[in-house]
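Thanks for coming, everyone. I would like to walk you through a few features of the structure that I am about to put up, so please have a look at it while I talk.

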Amino acid sequence: MGDHETAPEDEFDSKSRSEPETQPDPSAIRSLAVSPDDVVNAYIYTQENPGEAVLRVTPPFHGRMRARLHVYRVDDTHMTGALHIRPAELIADDVVDAYPRLEDTVETSVDETDTERLRERHADSHEQWRESAMTAIVETITLETPAGPQQVSIKRLG
């Protein structure tokens, strides 16, 4: 090359310039480790608060992964490649269905003196449900992957 010549563009790595990034593939996951506390707290949070709590698994994906409690208002999975697993998927259906709702506790006519009693009854119902849910973590879930649905084992921590 002479003094005025420049290197042709094709000498640069064209892949780094124009190829879109590939999304992480969760099909490598065989088991997820979860804390029952994280699962139950995520479920309760989502029922009682705005926003959503999930169990989040972040890439790179391997055979054994840890799912952690994550609260968000905007879903960023399309940008991060993370998986968001709804806590209801990790708790047995009958226990999810038995979640105590305030409407179930409130009687048709409540006077001021009953308010404290109802609040206590609702808190007791929540505590009983929490204890039940801690032991009702499912053994497997199905993840949707680019390769299709995949069964994944759930391993309880603690």
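Trp129 is buried in this predicted model, because its relative accessible area is 5% and anything under 20% counts as buried. What does Trp129 pair with? The structure holds three aromatic pairs, and in one of them Tyr99 and Trp129 meet edge-to-face, with 5.0 Å from centre to centre and 85° between the planes. This pair links distant parts of the chain, since Tyr99 sits in the loop between α4 (93–97) and α5 (102–105) while Trp129 belongs to helix α6, and the two are 30 residues apart. Tyr99 is likewise buried, with a relative accessible area of 3%, and together with Tyr43 and Trp129 it makes up one aromatic cluster.

Let me stay with helix α6, which covers residues 112–134 and also contains Asp124. Is Asp124 buried, exposed or partly exposed? Asp124 is partly exposed, because its relative accessible area is 49%, and that value falls between the 20% limit for buried and the 50% limit for exposed. Asp124 joins Glu120, Glu127 and Glu131 in forming a negative surface patch.

Finally, I would like to point out a peptide bond. Most peptide bonds are trans. The bond that joins Pro59 and Pro60, however, is cis, with an omega of about 5°, and if you want to find it on the screen, Pro60 is placed in the loop between β2 (52–57) and β3 (64–66).

Terms used: Residues are numbered from 1 along each chain as its sequence is written. This is a predicted model: local features need pLDDT of at least 70, side-chain atom pairs count only at pLDDT 80 or more; totals for chains, interfaces and linings use all residues. Side-chain values use heavy atoms; hydrogens and water are left out. Patches are made of residues with over 30% relative accessible area and no salt bridge: like charges are joined within 9 Å, nonpolar side chains (Val, Leu, Ile, Met, Phe, Trp, Tyr) within 5 Å. Accessible areas come from the Shrake-Rupley method with a 1.4 Å probe; for residues, only the protein chains shown count as cover. A salt bridge is a side-chain nitrogen of Lys or Arg within 4 Å of a carboxyl oxygen of Asp or Glu. Lys and Arg count as positive and Asp and Glu as negative; His and the chain ends are not counted. The place of a charge is taken as NZ of Lys, CZ of Arg, CG of Asp or CD of Glu. Helices (H or I, at least four residues) and strands (E, at least two) are DSSP runs, numbered from the N terminus. Buried means under 20% relative accessible area, exposed over 50%, partly exposed in between (1.4 Å probe, protein chains only). Rings of Phe, Tyr and Trp (its six-membered ring) pair if their centres lie within 6.5 Å; planes under 30 degrees apart count as stacked, over 60 as edge-to-face and the rest as tilted.
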